[in-house]
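This report describes the surface, the fold and the nonpolar core of one protein chain.

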Amino acid sequence: MPDPDQALVEACQTANQQDFEEAYRQLFVLYQDRVFTICLRVTGNQEDALDAAQETMVTLARRIKDFAFRSRFSSWVYRIAVNAAIDSRRKRLDAPRAGVQTTVGNAEGERQLQLVAAEESHADPVQEVSRTENQVLIQDALARMNPRFAALLVLRYIEGMSYDDIAEVQECSLGTVKSRLNRAHTALREFLQHRGFDPLELTP
């Protein structure tokens, strides 16, 4: 199946500087809210999410000419966003920052984040919790657990990705995804139980 972003990506790869800016602007608009949402879920705070989102979009612009369609472009975007979000969280733990000015993410991005859980299928257990008054509790858990586990839960339950899609994003085997996701569920259950929430319906 053709990559739906292929035409825009190829336009960026072959364009002169002026045309590149227009082609990349279209990709920027297409992905900025999705990137910001993932970064916010993984980092747990807006400042770090804005930093990670900006880093993601800058990286895309710098490296897009090297993209060879060995995976879907969206998977590559998500991979960069997840890694940037994880790095941002680690930097915050090492050296807290303040007053950072960025250009990616806005009130619309915040609103988009609030709508994500409500718009997704109710069949997924983490989303069920997110759509209730426990949404803040879930976000707190994501912000406190191992960031790689948090990223897996975000991709699976917030972004609604299949195991195969996650394996492509994270460049690992299907078995590895399932194993890591099981460990992520265990970490989430333990956090929720510690906070007095009964996570009986949280199943992989």
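The accessible surface of the chain is about 10,700 Å², with 48% of that area belonging to carbon and sulfur atoms; areas follow the Shrake-Rupley method with a 1.4 Å probe, and for residues only the protein chains shown count as cover. The model is predicted: local features need pLDDT of at least 70, side-chain atom pairs count only at pLDDT 80 or more, and totals for chains, interfaces and linings use all residues. Residues are numbered from 1 along each chain as its sequence is written, and side-chain values use heavy atoms, leaving out hydrogens and water.

The chain holds 10 helices and 0 strands; helices (H or I, at least four residues) and strands (E, at least two) are DSSP runs, numbered from the N terminus. Of the 204 residues, 45% are buried (under 20% relative accessible area, with exposed over 50% and partly exposed in between; 1.4 Å probe, protein chains only).

The largest nonpolar core (buried Ala, Val, Leu, Ile, Met, Phe, Trp, Tyr and Cys residues joined through side-chain atoms within 4.5 Å) has 57 residues, and Val-35, Cys-39, Phe-73 and Leu-153 touch the most other members. Among the elements that give two or more residues to this core are those tabulated here.

| Helix | Residues |
|---|---|
| H2 | 17–43 |
| H4 | 73–94 |
| H8 | 147–158 |
| H10 | 174–194 |

H2 gives the most to this core, 11 residues.

Contacts (heavy atoms within 4.5 Å) of Leu-153, leaving aside neighbours within four places in sequence, include Leu-142, Leu-181 and Leu-188. Ser-74 lies in helix H4 and counts as buried because its relative accessibility is 18%.
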